[in-house]
Amino acid sequence: MEIARRLRLIWLVSSLSIQYSTNVQGRHHQYHKADDSSKNSPDYSSSFPVYSPVPSDPADDPPTVPSDPYPNDPRNKTDCIFDVTTYGAVGDGSTDDTAAFKEAWKAACAVESATVLAPADYAFMITSTIFYGPCQPGLVFQVDGELMPPHGPDSWPKKDSKRQWLVFYKLDYMSFTGQGTIEGNGHKWWELPCKPHRGPNGSTKSGPCDSPVMIRFFMCNNLVVTELTIHNSPQFHMKFEGCIGVQIEKLSISSPKLSPNTDGIHLSNTKDVAIYDSQISTGDDCISIGPGCSNIDIQGVTCGPGHGISIGSLGAHSCVSNISVQNTVIKETDNGLRIKTWQGGSGCVSGISFENIQMENVLNCIVIDQFYCSSKSCQNETSAVWVTDVSYRSIKGTYDVRRPPIHFACSDTVACTNIKLAEVELFPHEGELLEDPFCWNAYGIQETLTIPPIDCLREGDPESVSKASEFGCQE
C-alpha cells in the first residue's frame, strides 16, 4: 500500500507540474505528504490546483492534493517578521490588542513572504476581526503564544458581529501556523438557552443561537493551516467557504463532548483540500463536508469523541464529489462515517471512498440517511439528493450495540446506487447485537462477506438509472 501511495504522489507531482508551468506565473511548489514514521499517526499505519472530473472508481484516481503555497520559509528572514508587540500589543490576556494586530497585518500584507508574529509567553485578547486581502504572496500568520476572544457573550463588544471571530478574506498563498494555542473561551456561549444549546434545567428559546465561528476562511486560495492547537470554540472551530487549494496538517482541535455545534473542520463550496495527521475531538462532527465540495483527501486523522466524519447535511442543489477518507481512527463517537441529506433536496453525492478505518466503540458506524431531519416536523418528500458510487473498504473495529452498525436509509423515489463493501468487520464493543443492519432502497455489492452479515443490500441497479447531470451536477 505504501508503494502504491508513493507512485500515486509521483504521478500527482509530475502531472500537476506540467499543468502549472502553463497556467501559473510566479512561485509554485507541489505539496506531498512526507513519509516519516516518527510522526504521530494511527497505530495500524498512518498556483491553483486543477479540478479533476469525478472518476468511476475513486480509489483509482485520488483527489487532487493542493500545492504548497509557502515553499521557502520566511521565518528565517528576520527583516520580514512583524511582531505584534512592537505595534503595541500587551499580551496580558485582558487588554484589547486588536489594533496592534490590525496594524501588524497591514504592514506585513504589503511585503512578500512576511510573517505576522504573536510571540510565545504572551496571551493576546482580540475582538472580532477581519484580516483582509489581497496581500503579497507568502504571508504567514504565526501564533506561538495564546490568542483568544473576549470571555463570553456579555463581554463581546456590541458593535462586533457575534457570528464570527477571526476571518481571513480573499487571501492567496497564505499560511496560518505556530506552536501556540487558539483558545475560544466557548463555555459561556454553550450555556445560552437557545437551540441547539440547552440552558439551565434544559430550557431553550426559539430560534438559533447567535454564536461565533472561531476561525473562518472566506474566498481564499492556496492555504496552509498547520501545527496549531485550537480549543473550545463557541461554535464551529474552523470553517472554509469558497476556497480552492487548502492544506490542513498536524492540528489539535478539541472541545468537550457535550459542547453544542462545535464542528472541528467544516467545508462548504471548497475544492482541492488535504486534511492530514490531525487530532479532533468535539461536541459535533470532527469533519463536516457541505454542498459544493470536491476533491477532498483526508488521511491520518484521529476523531473522537464527537459525531464522526459527515458528508452533509445536504439539501437543495447540493453537489459533492471525489471524497477520500483513509487511514483514520474514529473512537467513542455518536456516528462514524455518515452521509446525511434532507428530504426534498436535489443534487448528487458521488465518488466517495472510505478505506482503512478503525472504529472503537462507535454508535452508528456506517450511515447513509436520506431522511435526515433535525426536528420532529419534517414531512415526506418525493425529491432527494442522489447518493451513488460509495465504497467502504477495510472498515474494522467495534460498535455500540444500541444501534446496528450499518444503516442505509435511501429515498423511496431516488435509490442509493453502486454501494461497495469489502472487508467490513465490526464487532460489539460490549454485549450482543440487538438489531440487524438496515437497508431501504439501497443497491450495491459485497465484494467480501461483512461482519455482521448484511442481507438487505439489493443487487444490480434500480429500474431507472440516473445520471449526475439530471440532478444539476457535473459528471
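Buried here means under 20% relative accessible area, so C80, with a relative accessible area of 10%, is buried. C365 falls into that class too, because its relative accessibility is 0%. Keep this cut-off in mind for the views below, which all come from a predicted model.

**View 1. The whole chain, to get your bearings.** The protein chain holds 34 strands and 3 helices. Of its 475 residues, 57% are buried. The chain exposes about 20200 Å², and carbon and sulfur atoms supply 49% of that area. Across the structure there are 8 salt bridges and 5 disulfides. The close-ups that follow visit some of these.

**View 2. Strand β23 and the strands it pairs with.** Strand β23 covers residues 294-299, and 6 of its 6 residues are buried. One partner is strand β20 (residues 271-276), which runs parallel to β23 and is joined to it by 5 bridges. Look here for V273, which stands opposite I296 of β23. Another partner is strand β26 (residues 318-331), again parallel to β23 and again paired over 5 bridges. In this pairing I298 has V325 of β26 as its bridge partner. As you follow the strands, it helps to recall that side chains in a regular strand alternate between the two faces of the sheet.

**View 3. I230 and its surroundings.** I230 sits in strand β15 (residues 229-231). It counts as buried because its relative accessibility is 0%. Which residues does I230 touch, not counting those up to four places away in sequence? The contacts are I182, M214, I215, H237, M238, S252, I253 and S254. You can also find L147 in this view: 83 residues along the chain separate it from I230, while the C-alpha atoms of the two are 9.6 Å apart.

**View 4. Three salt bridges, one pair at a time.** Start with D160 and K159, whose closest N and O atoms are 3.1 Å apart in a salt bridge. D160 is buried, with a relative accessible area of 12%, whereas K159 is exposed at 72%.

Next come R163 and D210, whose side chains meet in a salt bridge with an N to O distance of 3.1 Å. This pair links distant parts of the chain, 47 residues apart: R163 is in the loop between β7 and β8, and D210 is in the loop between β12 and β13. R163 counts as exposed, at 60% relative accessibility, and D210 is partly exposed, at 36%.

Last is the salt bridge between the side chains of R216 and E241, at 2.4 Å from N to O. Here strand β13 supplies R216 and strand β16 (residues 238-241) supplies E241, and the two are 25 residues apart. Are these residues buried or exposed? R216 counts as buried at 19% relative accessibility, and E241 counts as buried at 15%.

**View 5. A salt-bridge network around D285.** Salt bridges that share partners join D285, R338 and K340 into one network. D285 lies in the loop between β21 (279-281) and β22 (287-289). With 2% relative accessibility, D285 counts as buried. Its side chain also makes a polar contact of 3.1 Å with the side chain of S310. Leaving aside residues up to four places away in sequence, D285 touches D263, G264, H307, G308, S310, R338 and K340.

**View 6. Disulfides linking separate parts of the chain.** A disulfide is a covalent bond between the sulfur atoms of two cysteines. In the link between C286 and C303, the sulfur atoms are 2.1 Å apart. The torsion about this S-S bond of C286 and C303 is about 85°, so the disulfide is right-handed. C286 belongs to the loop between β21 and β22, and C303 to strand β24 (residues 302-303), 17 residues apart. Both C286 and C303 are buried.

C319 and C473 are joined at an S to S distance of 1.9 Å. Their link is left-handed, with -85° about the S-S bond. C319 is in strand β26 and C473 in the segment after β34, 154 residues apart. C319 counts as partly exposed at 25% relative accessibility, while C473 is buried at 10%.

Conventions:
Residues numbered from 1 in each chain as written. Predicted model: local features only at pLDDT ≥ 70, side-chain atom pairs only at ≥ 80, totals over all residues. Heavy atoms only, no water. Buried < 20%, exposed > 50% of the residue type's maximum accessible area, 1.4 Å probe, protein only. Helix = DSSP H or I, 4+ residues; strand = E, 2+ residues; numbered from the N terminus. Pairing = 2+ DSSP bridges. Areas by Shrake-Rupley, 256 points an atom, 1.4 Å probe, with all protein chains shown as cover. Contact = heavy atoms within 4.5 Å. Salt bridge = Lys/Arg side-chain N within 4 Å of Asp/Glu carboxyl O. Polar contact = N/O pair within 3.5 Å; in protein donor to acceptor, adjacent residues only side chain to side chain. Disulfide = S-S within 2.5 Å.
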